[in-house]
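Visitor: I should like to learn how the features of a structure such as this one are read. May we begin with charged side chains?

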Amino acid sequence: AGSDSRRPRALVESFQLTPATMKTFGACVVCLVAAAHAVSPMQQVMSMMAELKEKVIADGKAEDQTYENYTKFCVKTKRDTGYEITDGEKNVEELSATIEKATSDIDVAATRIQELQTTITKNEADLQAAQDIRKSEKAEHATAEAELEEASDMLGRAIKTLSEKLGGSALLQESGKTDGLVKALGAVVDAAAFGKEEKQSLMAFVESATRQAPAVPAYTSQSGGIIQTLEDMKEKAKDDLNNLQKEEKAAQHSFSMLQQSLNMQIKADQKELEQVKASKSEAEEEKATSEGDLDVSTKDLA
C-alpha cells in the first residue's frame, strides 16, 4: 500500500513540460475548442438561407420605398406640369391681352398726336395771322392819327392866321355851297403864311371833309362864316382822333386777349403732345417686350 501511494506522485514528478510538449498541448486544446463549436453543413445552409431571407426582405422594403418615392415624384411632376401648363396658358392669354391693349393704345396715341400737331400748327398760323393784322392795323391807325393831329393843328393855325390877317374881309363871310367854301378857303390860304405842303394838306382835308358830308349842318355855322366852319372841322377832327384812339385801344385789347388765348392753347397742346408721345413710346416698349415673352411661352407650351 505504501508503494502504491508513492507511484502517482512519482509519475507526476517524472512528467516534464518541454516547449515541444506545450505546443502539442496547445494544438490539442484548439482542436478540442473547434470541435466543440463546429456546426454541421445543414446548419450552415439553414443559416445562409435565413440570412438570404432577411436580405431579400430588406431589399424588397428598399425597392418598395424606392417605388413609392418614384410614384410620388411622378404624381408631383404631373401635377406641377399641369400647373405649369395652366400657368403657361394663362400667361399666354395675359400677354395676348397686353399686346392687344398696347396696340390699341399706340393707335389712339398716334391719332391724338396727329390731332394735336394739326391743332398746334393751325393755332400758330392763326397767331401769326393775328400778329400780322394787328401790325397792319396799328400802322394804319398811327398814320390816320398823325394825319388827324396834323389836320387839327393846321386848322387851328389857319383859324388864327385868318382871324389876324383877314379880319373883316368879305371872304370870311362866304358860306353855303361847298365850291364857294373851298374857293374862299383857297383864297384865304393863299393870302396867309402857309407853306406849300401845309396848304395842300389843309385843302385836301377840307375837300375830303366836305365831300363826305356836304349837307351836314356842322359845316355851316349859324353865322355862316368860314372861320366857324373851320372850327367845326377842327372839332370834328378832334372827335375823329378820339374815336380812332378808342378803336386802336379796343383793337389792341382784342388782339392781346386772342394772343393770350392762342399762346395758352398752344402751350397746353404742346405739353399734352409730349405726354402722349411718351405714353406711345411706353406702349411700344411694352408691346415689344410682351411679344418676346409670348413667343417664349408659346414655344414652351408646344
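Guide: A salt bridge is a side-chain nitrogen of Lys or Arg within 4 Å of a carboxyl oxygen of Asp or Glu. In this structure, R112, E115 and E272 are linked in a network of salt bridges. This is a predicted model, in which local features need pLDDT of at least 70 and side-chain atom pairs count only at pLDDT 80 or more, while totals for chains, interfaces and linings use all residues. Residues are numbered from 1 along each chain as its sequence is written, and side-chain values use heavy atoms, with hydrogens and water left out.

Visitor: How many salt bridges does the rule give?

Guide: The count comes to eight. One of them joins E115 to R112, with the closest N and O atoms 3.2 Å apart.

Visitor: How are E115 and R112 placed in helix α3?

Guide: Helices (H or I, at least four residues) and strands (E, at least two) are DSSP runs, numbered from the N terminus. E115 and R112 are three residues apart in helix α3, so about one helical turn separates them.

Visitor: Are these two residues buried or exposed?

Guide: Buried means under 20% relative accessible area, exposed over 50%, and partly exposed in between, with a 1.4 Å probe and protein chains only. E115 is partly exposed, at 40%, and R112 is likewise partly exposed, at 30%.

Visitor: Which residue forms a salt bridge with D126?

Guide: The partner of D126 is K122, and their closest N and O atoms are 2.9 Å apart. Both lie in helix α3, four residues apart, about one turn of the helix. D126 is partly exposed at 32% relative accessibility, whereas K122 is exposed at 52%.

Visitor: Which residue forms a salt bridge with E284?

Guide: E284 is bridged to K280, with 2.6 Å between the closest N and O atoms. This pair lies in helix α6, again with a spacing of four residues, about one turn of the helix. E284 is partly exposed, with 34% relative accessibility, and K280 is partly exposed, with 21%.

Visitor: How should the nonpolar interior be read?

Guide: A nonpolar core is a set of buried Ala, Val, Leu, Ile, Met, Phe, Trp, Tyr and Cys residues joined through side-chain atoms within 4.5 Å. The largest core here has nine residues: A109, I113, L116, I120, L127, L262, I266, L273 and V276. The elements that give two or more residues to this core are α3 (41-165) and α6 (226-301). Helix α3 gives the most, with five residues. Apart from this core lies another, of five residues, among them L155, I159, L230 and M233.

Visitor: What is L262 in contact with, beyond its neighbours within four places in sequence?

Guide: Contact means heavy atoms within 4.5 Å. With those neighbours left aside, L262 is in contact with N123, D126 and L127. L262 and L127 both belong to the nine-residue core, while D126 is the salt-bridge partner of K122.

Visitor: Which side chains make polar contacts with the side chain of E248?

Guide: A polar contact is a pair of N or O atoms within 3.5 Å; within protein, one must be able to donate a hydrogen and the other to accept it, and residues adjacent in sequence count only if both atoms are side-chain atoms. The side chain of E248 makes such a contact with the side chain of R134, at 3.0 Å, and with that of H141, at 2.4 Å. E248 lies in helix α6 and is buried, with a relative accessible area of 16%.

Visitor: Where is E137 found, and how far is its C-alpha atom from that of E248?

Guide: E137 is found in helix α3. Its C-alpha atom and that of E248 are separated by 8.1 Å, although the two residues are 111 residues apart along the chain. Leaving aside neighbours within four places in sequence, E137 is in contact with E248 and A251. E137 is partly exposed, at 29% relative accessibility.

Visitor: What can be said of the chain as a whole?

Guide: Its secondary structure comes to six helices and zero strands. Of the 302 residues, 22% count as buried. Residues 24 or more positions apart account for 82% of the contacts with a separation of 6 or more.
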